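Dear colleague,

I am handing over the structure we spoke about, which you will find directly below. My notes on it come after, and I would be glad if you read them with the coordinates open.

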Amino acid sequence: MCANNLKAHEGFKNSMYKDTGGHITVGIGHMLSSAEMAAGLPFTRTKTTHAHGDDMEHEEAVSKADITSAFNNFTKDSKSIPANLHLSNDDVIGQCIKDVQTAEKGLRGLYSGYDNFPNEGKTALVDMAFNLGISKLRNGFPNFNAAINRNDWNGAADESHRTGIGDKRNSDTKAQLQQAGKKK
């Protein structure tokens, strides 16, 4: 549920792109904060060979040096999109699952009852943690966090608005939190 929610709001792109904040990103909103981070992912490129009159395509691994170079060039020049480098769909989904697990680990540290929360509440919290980061969620949303720790899902819904994101994402998060309140 969390991965599908993130996909709906972040999109799904196999190659590197710049998000609305100008950060190099790949997959389902997975920010690449360094060339080393990018080089740690299994990027491939499609290679076409010509044999017996037919074009045959296959994937070939990309070296860490090529990934680093593509990342650094993209950092300097937004027009040098490394579109020939991409992750497989399975790798994108696998990375999103890892990102959700990381968010949930942080959420467990923030909310002692996290594992017993309704699924709709967990989905909203993962979205906020993924979008903001645990530190910003912890420090920038004290009323929200107090409401969550009281199991006041409607109060949390009222405090869940984030700036800098689309209205749809905010309204979806609010609705998920309100739905969690109906499950108490």
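What follows is a summary of what was found, going from the whole fold to particular places in it.

Please keep in mind that this is a predicted model. The protein has nine helices and five strands, and along the sequence these are arranged as α-β-β-β-α-β-β-α-α-α-α-α-α-α. The C-alpha trace spans about 65 × 35 × 30 Å along its principal axes, and 41% of the 184 residues count as buried. If one takes the contacts between residues at least 6 apart in sequence, 54% of them join residues at least 24 apart.

For your purposes the empty space may be of interest. The largest pocket holds about 840 Å³ and has a lining of 29 residues, with E10, D19, G29, F130 and N131 lying nearest its centre. Several elements contribute to this lining, since α1 (2–10), β3 (30–31), α4 (89–110), α5 (119–132) and α6 (134–140) each supply at least two residues, although the largest share, four residues, comes from α5. Sorted by class, the pocket lining consists of nine nonpolar, 14 polar and six charged residues.

The search of the whole structure also turned up one cavity of 30 Å³ or more, with a volume of about 30 Å³. Its lining is made up of V26, G27, I28, H30, L87, V92, Q95, C96 and D99, and here β2 (24–27) and α4 each supply at least two residues, the largest share, four residues, coming from α4. By class, the cavity lining divides into five nonpolar residues, three polar and one charged.

The helix α5, already mentioned for the pocket, deserves a closer look. Its 14 residues should span 20 Å at 1.5 Å a residue, and because its end C-alpha atoms are 20 Å apart, the model agrees with that expectation. The helix is mostly covered, with 12 of its 14 residues buried; among them are the charged residues E120, K122 and D127, along with L125, V126, M128 and F130. Just after α5, G133 takes a positive phi of about 90°.

Two residues in loops make a useful contrast. H86 is placed in the loop between α3 (64–76) and α4, and it counts as buried because its relative accessibility is 18%, which falls under the 20% cut-off. The side chain of H86 makes a polar contact of 3.5 Å with that of T46. Apart from its neighbours within four places in sequence, H86 is in contact with N14, S15, P42, F43, T44, R45, T46 and E59.

R150, by comparison, lies in the loop between α7 (142–149) and α8 (153–158), and it counts as exposed because its relative accessibility is 54%, a value over the 50% cut-off. Measured in the model from C-alpha to C-alpha, R150 and S63 are 50 Å apart in space, while 87 residues separate them in sequence.

With best regards

Terms used:
Residues numbered from 1 in each chain as written. Predicted model: local features only at pLDDT ≥ 70, side-chain atom pairs only at ≥ 80, totals over all residues. Heavy atoms only, no water. 1 Å grid on protein atoms, 1.4 Å probe; cavity = no way out; pocket = protein on both sides within 12 Å on 5 of 7 lines; lining within 4 Å. Points joined across faces, edges and corners; volume = space filled by probe spheres on them. Buried < 20%, exposed > 50% of the residue type's maximum accessible area, 1.4 Å probe, protein only. Polar contact = N/O pair within 3.5 Å; in protein donor to acceptor, adjacent residues only side chain to side chain. Contact = heavy atoms within 4.5 Å. Expected span 1.5 Å × (residues − 1).
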